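Thank you for making time this morning. I would like to walk through one structure slowly, taking a few places in turn, and I will explain the terms as they come up.

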Amino acid sequence: MKVEIWSDVMCPFCYVGKKHFENALAQLPFKDKIEVEWKSFQLDPTLPVEGASESTLDYLVKRKGMPKEQIEGMMHHLDQSGAAVGIEFRQDIAIPVNTFRAHRLIHLAQSHGKGNEMEEALFFAHFTAGKNVGDLEVLTDLATSIGLNKEEVVALLQSEEQTQEVKNDIEEAQALGISGVPFFVVDRKYGISGAQPIDTFAEALTQAYEESQPKFEMKGNQDANACGPDGCEI
């Protein structure tokens, strides 16, 4: 069974949702039979790749058009949600940045079976370590830290490789009506929007998995004429 996850590196609830999803998955006896594919989504493609000069707080106040106190309240709530699943949000040092390069890198990592590791490294770098996840050197260091080949990573970042794949994901999200992330598509049957509770993920995954399994149903009279190890019923 396949689960596709549309996400953006700069989305805090995508980080929380990732943890909830993984915690739910860890509880399931069929977890090894679930394939996870990360899909690209950009919350703000207008941001510069070198990173914004303003703080995340000031950026959100301007972008959302909300009072500073309201944004600070939202950040406090986010801190609590993150702490519950082991995330230390440091929005005070997080750098608003264009995440397109990061998404290209995720596609490369995914081709080597390291999509989850790359997502985690990027989320931690952005939200906890305060690193610029649009910077070429930062991205190279993160990629090599999870075992990707440095020469391959540098070649990717210096080219347009994986650009179309990122665009395809974004277009596919639009076609599916996905307007916010995280968004989980389970076996192309069910959609789960947002960082839902762990139990919600577990229930949805269990239902989808059970429905994906072939079902055997007896028809007719089981006592009808048949032969077995002790002979044939006549």
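Arg188 is partly exposed, with a relative accessible area of 44%, where buried means under 20% relative accessible area, exposed means over 50%, and partly exposed is in between, with a 1.4 Å probe and protein chains only. Arg188 sits in the loop between strand 3 and strand 4, and its phi is near 55°, a positive value in a residue other than glycine. Asp187 is found in the loop between strand 3 and strand 4 (190–193), with a phi near 55° that is again positive in a residue other than glycine, and it is partly exposed at a relative accessible area of 25%. When I say helix or strand, I mean DSSP runs numbered from the N terminus, with H or I over at least four residues for helices and E over at least two for strands.

Before going further, I should say that this is a predicted model, in which local features need pLDDT of at least 70 and side-chain atom pairs count only at pLDDT 80 or more, while totals for chains, interfaces and linings use all residues. Residues are numbered from 1 along each chain as its sequence is written, and side-chain values use heavy atoms, with hydrogens and water left out.

Moving back along the chain, Pro182 lies in the loop between helix 8 and strand 3 (183–186), and the peptide bond from Val181 to Pro182 is cis, with omega near 5°. Just after helix 8 there is also Gly177, which takes a positive phi of about 80°.

Helix 8 itself covers residues 163–175, and at 1.5 Å a residue its 13 residues should span 18 Å, which agrees with the 19 Å between its end C-alpha atoms; the expected span here is 1.5 Å times one less than the number of residues. Which residues of helix 8 are buried? They are Thr163, Val166, Asp169 and Ala173. These residues cover an arc of only 130° around the axis, which puts them on the same side of helix 8, the arc being that of the directions from the helix axis to the C-beta atoms. The buried residues of helix 8 pack against strand 1 (2–7), strand 2 (35–40) and helix 4 (100–111).

Helix 3 can be read in a similar way. It has 16 residues and reaches 23 Å from its first C-alpha to its last, close to the 22 Å expected at 1.5 Å a residue. Its buried residues are Ile71, Met75, Leu78 and Gly82. Seen down the axis of helix 3, these buried residues fall within an arc of 60°, so they line one face of the helix, whereas Glu69 and Ala83, on the other side of helix 3, are exposed. What covers the buried residues of helix 3 includes helix 1 and helix 2.

Met74, which is also in helix 3, is partly exposed, with a relative accessible area of 36%. Leaving aside neighbours within four places in sequence, Met74 is in contact with Lys64 and Met66, where contact means heavy atoms within 4.5 Å. By comparison, His126 in helix 5 counts as buried at 2% relative accessibility, and, with the neighbours within four places in sequence again left aside, its contacts include Val9, Met10, Ala94 and Lys131.

Finally, I come to the empty space. On a 1 Å grid over the protein atoms alone, a cavity is a set of points where a 1.4 Å probe fits but cannot get out, and a pocket is an open set with protein on both sides within 12 Å along at least five of seven lines, with lining residues having an atom within 4 Å of a point. The largest pocket holds about 490 Å³ of space, and it is lined by 22 residues, of which Met10, Pro12, Leu43, Leu60 and Lys64 lie nearest its centre. The elements that give two or more residues to this lining are helix 1 (12–27), helix 2 (56–64), helix 3 (68–83) and helix 5 (115–127).

The largest cavity holds about 30 Å³, a volume being the space filled by probe spheres set on the grid points, which are joined across faces, edges and corners. Its lining is made up of Trp38, Lys39, Ser40, His103, Ile106, His107 and Glu119, and strand 2 and helix 4 each supply at least two residues of that lining.
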